[in-house]
Amino acid sequence: MTEVSYMIVNEQDPHSRAMFWELKRRAPPDVPVYQQSSFQSDVWETLDGDKDDFLIYDRCGQLTFHVGLPYSFLNYVYVEAAIRATYQGNICNCSANSTSLHDTGRNETMQAQAGG
């Protein structure tokens, strides 16, 4: 797949902050790892996510999948399936070269979360 971007956002809690360099060391070389400042708004709270969640966005910037624990463990197929469905399925009906963050009316947010 081309034009797929990944990033890791480390949690704000002290233990996660202490493990930042280990996380960065283990991440693939082409995947940026960001550390939230303890003084900024928590990105996970802002995005209605949690530690170990995968949030999958389409080329229009619309959330297509929110894969939470236990489904976000990479030995399951859910994360890869969500990425492939977003990439190949054009869920929000974006045009191939669209980069706008507008709502198309057909966007569906799908969630795979523990217990729901």
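**View 1. Seven residues make up the largest nonpolar core: Ile56, Phe65, Val67, Val79, Ala82, Ile83 and Ile91.** Two elements, β4 and α4, each hand two or more residues to this core. The largest share is from α4, which puts in three residues. Keep in mind for this view and those that follow that the model is predicted. As background, nonpolar side chains in soluble globular proteins tend to be buried together.

**View 2. Here we zoom in on Ile56, one of the core residues, and its contacts.** Which residues does Ile56 touch, leaving aside those up to four places away in sequence? The list runs Gln62, Leu63, Thr64, Phe65, Ala82, Ile83 and Thr86. Among these contacts, Phe65, Ala82 and Ile83 also turn up in the largest nonpolar core.

**View 3. Glu22 and Arg25 pair up in a salt bridge, with N to O at 2.7 Å.** This is one of four salt bridges in the structure. Both residues sit in helix α2, which covers residues 20–26, and they are three residues apart, or about one turn of the helix. Is Arg25 buried or exposed? Arg25 counts as exposed, because its relative accessibility is 58% and the cut-off for exposed is over 50%. Glu22, at a relative accessible area of 26%, is partly exposed. In general terms, side chains of opposite charge can pair when their charged atoms come close.

**View 4. Glu22 has another partner in Arg26, and their closest N and O atoms are 2.6 Å apart.** Once again we're in helix α2, this time with the two residues four apart, about one turn of the helix. Arg26 is exposed, its relative accessible area being 64%.

**View 5. Over in helix α4, Glu80 and Arg84 meet through their side chains in a salt bridge of 2.9 Å, N to O.** How far apart are Glu80 and Arg84 in helix α4? They are four residues apart, so about one helical turn separates them. Glu80 is partly exposed at 47% relative accessibility. Arg84 also counts as partly exposed, at 35% relative accessibility. Back in the views of α2, salt bridges with shared partners tie Glu22, Arg25 and Arg26 together as one network.

**View 6. Leu69 and Pro70 are linked by a cis peptide bond, with omega near 0°.** Where is Pro70 found? Look in the loop between β4 (63–67) and α4 (78–89). The elements on either side of this loop are the ones that each give two or more residues to the largest nonpolar core.

**View 7. Glu3 isn't a glycine, yet its phi is positive, at about 60°.** You'll find Glu3 in the segment before β1 (8–10). Is this residue, Glu3, buried or exposed? Glu3 is exposed, with 79% relative accessible area.

**View 8. Asp48 is not a glycine either, and has a positive phi of about 60°.** Asp48 belongs to the loop that runs between α3 (43–46) and β3 (54–57). With a relative accessible area of 61%, Asp48 is exposed, because anything over 50% counts that way.

How values were computed:
Residues are numbered from 1 along each chain as its sequence is written. This is a predicted model: local features need pLDDT of at least 70, side-chain atom pairs count only at pLDDT 80 or more; totals for chains, interfaces and linings use all residues. Side-chain values use heavy atoms; hydrogens and water are left out. Buried means under 20% relative accessible area, exposed over 50%, partly exposed in between (1.4 Å probe, protein chains only). A nonpolar core is a set of buried Ala, Val, Leu, Ile, Met, Phe, Trp, Tyr and Cys residues joined through side-chain atoms within 4.5 Å. Contact means heavy atoms within 4.5 Å.
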